[in-house]
Amino acid sequence: MDKFKNLRGTFDILPAKLIKWQNIENLIKIQLSRSSVKEIRTPILEMTELFTRGIGENTDVVSKEMYTFNDRGNRSCTLRPEGTASVARAVINSSLSAKPQQKLWYMGPMFRYERPQAGRQRQFHQFGVEYIGYESYRSDVEIISLAWDILKKLGINNLNLEINSLGNTDDRFNYQQAFINWLDKNYSYLDEDSQNRVNKNPMRILDTKNSDTIEILKEAPRLIDYLCDESLERYLKIKKQLNFLDIPFIENYRLVRGLDYYTHTAFEITSGSLGSQATVCGGGRYDNLIKNMGGNETPAIGFAIGLERLMILAGEEYENDRLVDIYIVNKGESAENLAIELSRQLRKLNIITELDISGSSFSKQFKKANRLKSKSVIIIGEEEANKKEFLIRLFSDQNQDNKEERISFDNYFELEKWLKINIREDL
Ligand code: HAM
């Protein structure tokens, strides 16, 4: 019979790989709680309209990449391609809308029907942060530095931060008029893909990867020259504060991002170590999204980081598993019963305990303890079971003097003391 395969662009994450995932996720969560950002969880499945209206009908994500289907009630549903629109919906529909400001984060799977390649999948994972109700340019700086510092804390070097300002709605409208005029005059020089975008989504032409078009675009009007005084001042203040914080950045006037909801600040963090899918983090301000979706006027800014790309970038130090504290070797019926009970007690004490349930020989059980690099072993044979005691022994290279002790089953106090001294100071 044919074996079942994963759908293209989707992957299982097996236990050995998950150690690195969990270590990275834990570090991110600690950093976020230190910045008093609170977690929010939204459904993976949403009404399609949330994304068509929220992200924009002419974006690649909405027009080409969404997993959309009708459910049994004939409602059009979509597997979320990103998290920002869902967070905006949750804020509008819940008691959160009564609070003027909140800092939220989320982590989970997203779905985009893209051509899979290294660092690009159809089911991928993002962690994102959204600052809702924050208007000051300082929140732009805080969001950018939060993303930057998390990547640095993960030990990732070789990062480039690119920033741009898309201005407010009027700035962008004025620019778009000038840009479309220019595009009309230069239409024949554009690549085919860009020609197709002239009427649908002209701003995205700025984001082209075609080197000939990039060359021609150097002559095109620049968005920065169409910013009103207020927008420009905001942008200058952000640059000044980033300089003050020693966060290096490059201004990229062609950075427009692939989602329509952005206003003012747009930014991306890329890494030379990622190959063609170089962007690890993308974000920006979206002051009109919540209002356009039926909420109150609410300025906001956020970013999302692709976890698969983080996995590629983060070093081997995140691959280490937490070691087993105690491996319980046991043989014989009464020993087995005592061993099960003891493993339950040890777990209550927050000790990472592996109970051998194989019933195989002592030597095989010791080999397994060795393979798991357990810090210590507890041995319960028939003799120990009869005396209602066990033998605990340090089980590492450092144990030159064979440190071991016999402890009675009704003396957990002695066991705790031994553990504290020998393997887990934090108990
Ligand atoms: P985005 O730039 O579309 O932004 O995605 C953010 C990050 O998700 C990318 O930089 C990349 O690391 C990862 N990513 C995107 N697509 C894939 C894929 N097919 N495979 C693997 N990784 C991928 C957003 O999604 C916005 N919601 C970010 C945001 C939050 N803006 C404001 N708040």
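A helix here is a DSSP run of type H or I with at least four residues, and helices are numbered from the N terminus. With that in hand, you can place Asp229: this residue is found in helix α9, which covers residues 229–244. Keep in mind that you're looking at a predicted model. Here's a quick tour of its charged patches and one of its sheets.

**The negative patch**
- Glu135, Asp229, Glu230 and Glu297 gather on the surface as a patch of negative charge.
- Asp229 has a relative accessible area of 68%, so this residue counts as exposed, because the cut-off for that word is over 50%.

**The positive patch**
- Over in another patch, this one positive, you'll find Lys364, Lys367, Lys368 and Arg371 on the surface.
- Lys368 sits in helix α13, made of residues 362–371.
- With a relative accessibility of 31%, Lys368 is labelled partly exposed.

**The sheet**
- Strands of a sheet pair through backbone hydrogen bonds, and they can do that in a parallel or an antiparallel way.
- In this model, 8 strands make an open sheet with mixed pairing, and the order is β1-β5-β6-β11-β10-β9-β7-β8.
- At the edges stand β1 (38–39) and β8 (250–251); each has a single partner strand, so one side of each is left without a neighbour in the sheet.

**A closer look at one pair**
- Strand β7 (residues 159–165) pairs with strand β9 (residues 263–271) in the antiparallel sense, over 7 bridges.
- If you want a spot to find on screen, try Leu159, which stands opposite Ser271 in β9.

Methods: Residues numbered from 1 in each chain as written. Predicted model: local features only at pLDDT ≥ 70, side-chain atom pairs only at ≥ 80, totals over all residues. Heavy atoms only, no water. Patch = residues over 30% accessible without salt bridge, like charges linked within 9 Å, V, L, I, M, F, W, Y side chains within 5 Å. Areas by Shrake-Rupley, 256 points an atom, 1.4 Å probe, with all protein chains shown as cover. Salt bridge = Lys/Arg side-chain N within 4 Å of Asp/Glu carboxyl O. Lys, Arg positive; Asp, Glu negative; His and termini not counted. Charge placed at Lys NZ, Arg CZ, Asp CG, Glu CD. Helix = DSSP H or I, 4+ residues; strand = E, 2+ residues; numbered from the N terminus. Buried < 20%, exposed > 50% of the residue type's maximum accessible area, 1.4 Å probe, protein only. Pairing = 2+ DSSP bridges.
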